[in-house]
Amino acid sequence: MYWLILIFILVPATEIAIFIWTGSKIGALPVALLIIFTGMVGVALVRKQGLETWRRAQFAIHNREVPREQILDGICIIAGGVFLLTPGFITDLLGFLLVLPMTRKPFKTFLGFLIMKRIANGKITFRRW
């Protein structure tokens, strides 16, 4: 629980420090425009990647396959979208890393590992309806 408190204090403080530093170098207006621009590009990218992942998941289901990869992609895209909508350069970088297909793979691998570990520990169980 302490790590959550640390993240909620450390990340915003770091983002503010980067805003101030960047603003002193290029000015406040360019920083504000850059934040708005990355948010708009991020929303467009999340939409495009989300629709593509949705289509691939439908195709897998249509072929009677479990859409494992598409589910992990979807989780990463949603998390990336949240980071991209959060103002800040660090969160934008993390958001783009999660949304872009070529940089998403390590996150998917780690997420899959965490899920499998929780299943093995009995913290995630499955029931039949």
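**Reading helix packing and a salt bridge**

Guide: Let's start with one pair: Glu69 forms a salt bridge with Lys108, their closest N and O atoms being 2.7 Å apart. This is a predicted model, where local features need pLDDT of at least 70 and side-chain atom pairs count only at pLDDT 80 or more, while totals for chains, interfaces and linings use all residues. Residues are numbered from 1 along each chain as its sequence is written, and side-chain values use heavy atoms, with hydrogens and water left out.

Visitor: What counts as a salt bridge, and how many does the structure hold?

Guide: Side chains of opposite charge can pair when their charged atoms come close. The cut-off here is a side-chain nitrogen of Lys or Arg within 4 Å of a carboxyl oxygen of Asp or Glu. The structure holds 4 salt bridges.

Visitor: Which parts does the Glu69 and Lys108 pair tie together?

Guide: Glu69 lies in helix α3 (residues 68-85) and Lys108 in helix α5 (residues 101-120), so the pair links parts 39 residues apart in sequence. Helices here are DSSP runs of H or I with at least four residues, numbered from the N terminus.

Visitor: At what angle do α3 and α5 pack?

Guide: Axes are lines fitted to C-alpha atoms, for helices over the stretch in contact, and angles run from 0 to 180 degrees between N-to-C directions. For α3 and α5 the angle is about 110°, with the axes 10 Å apart. The two are therefore roughly perpendicular (65 to 115 degrees; under 35 is roughly parallel, over 145 roughly antiparallel, and the rest oblique). Contact means heavy atoms within 4.5 Å, and the residues making this one include Glu69, Leu72 and Cys76 of α3 and Phe107, Lys108 and Leu111 of α5.

Visitor: How do α2 and α4 cross?

Guide: The axes of α2 (residues 28-62) and α4 (residues 89-99) come within 11 Å and cross at roughly 20°, so these helices are roughly parallel. Among the contact residues are Val31, Leu34 and Thr38 of α2 and Phe89, Asp92 and Phe96 of α4.

Visitor: And where does α1 fit in?

Guide: α1 and α2 have axes that come within 7 Å and cross at roughly 125°, and are therefore oblique to each other. Their contact is made by Phe19, Thr22, Gly23 and Ile26 of α1 and Ala28, Pro30, Val31 and Ile35 of α2. Val31 of α2 thus appears in the contact with α4 and in the one with α1. Just after α1, Gly27 takes a positive phi of about 105°.
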